[in-house]
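The following explanation leads the reader through the strands of a protein chain and the connections between them. Please keep the sequence and the model in view while reading.

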Amino acid sequence: ERKRRQDSMDEIKKVIEVAEKAPYQYLIVHLGLPGEEFDLQKFDAALTSLEYLRLFASQRGVKILVENIPNDLSSPRRLLQFFHHSQMRDIGVCFDSGHALLEGGVKDAFDLLKTHIVSTHLHDNGGTKDEHRFPFEGNIEWKSTIQAFHKEAPTVPLLLEARRGGEEIGPAILKAAKVIDRFSEFIGEIGPTNNGASS
């Protein structure tokens, strides 16, 4: 809906303007809503919106990233089509592991998007709901996932996006630290990448 889309863009512009006072590097956006079906008109509307927002953002030193989310507009294959048709080379992907699992598999999504991935949202789930569990609390095979990032996208930051629910912040931080330790172990097993970078 044009009016709602315009209102959303106005809100996003306010967020981008924050970079004038408190600089930040990436703004992550969703194309559509969870479960939304594909429609060529929606595809064109997203393209128009992003063309406008990316110019507004680039003037403030911000790069826009689109996230793979569980809908027909933002599946990995659809995002590749979007990049192909838009020719917007300065827009990247925020790879969401939990969403990838819900959409058919983390490995397949990574293989499709790896050359476009700039940042990550890493979390886990049981394969049916977007639960945002900590890694190793769901069905994602983390060893192969983290090693794939290290080998093929070694400069991409690995960011946890796990919800704590009612959990106290202290235990959640300890849990996050243990996750990072295990990620480091996986990376250590394969050694440095060809370009010497590390995750």
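Is strand β2 (residues 63-67) mostly covered or mostly uncovered? In this predicted model, four of the five residues of β2 are buried, and the strand is thus mostly covered.

The neighbours of β2 may be taken in turn. Strand β1 (residues 26-29) pairs with β2 in the parallel sense, over four bridges. Within this pairing, Leu-27 has Ile-64 of β2 as its bridge partner. Between β1 and β2 the chain passes through helix α2 (residues 40-58), in a β-α-β crossover that is right-handed.

Strand β2 is also joined to strand β3 (residues 92-96), by three bridges, and β2 and β3 run parallel. Here Leu-65 stands opposite Gly-92 of β3. To reach β3 from β2, the chain crosses through helix α3 (residues 76-86), and this β-α-β crossover is right-handed. A further position in register is Glu-67, which stands opposite Cys-94 in β3.

The surroundings of β3 come next. Because five of the five residues of β3 are buried, this strand is largely enclosed by the rest of the structure. In a regular strand, side chains alternate between the two faces of the sheet. In β3 both faces are covered: Gly-92, Cys-94 and Asp-96 are buried on one side, while Val-93 and Phe-95 are buried on the other.

From β3 the reader may turn to strand β4 (residues 117-121), which runs parallel to β3 and is joined to it by four bridges. Phe-95 of β3, one of the buried residues just named, stands opposite Thr-120 in β4.

How values were computed
Residues numbered from 1 in each chain as written. Predicted model: local features only at pLDDT ≥ 70, side-chain atom pairs only at ≥ 80, totals over all residues. Heavy atoms only, no water. Buried < 20%, exposed > 50% of the residue type's maximum accessible area, 1.4 Å probe, protein only. Helix = DSSP H or I, 4+ residues; strand = E, 2+ residues; numbered from the N terminus. Pairing = 2+ DSSP bridges. Right-handed = clockwise from strand over helix to strand, strands pointing away.
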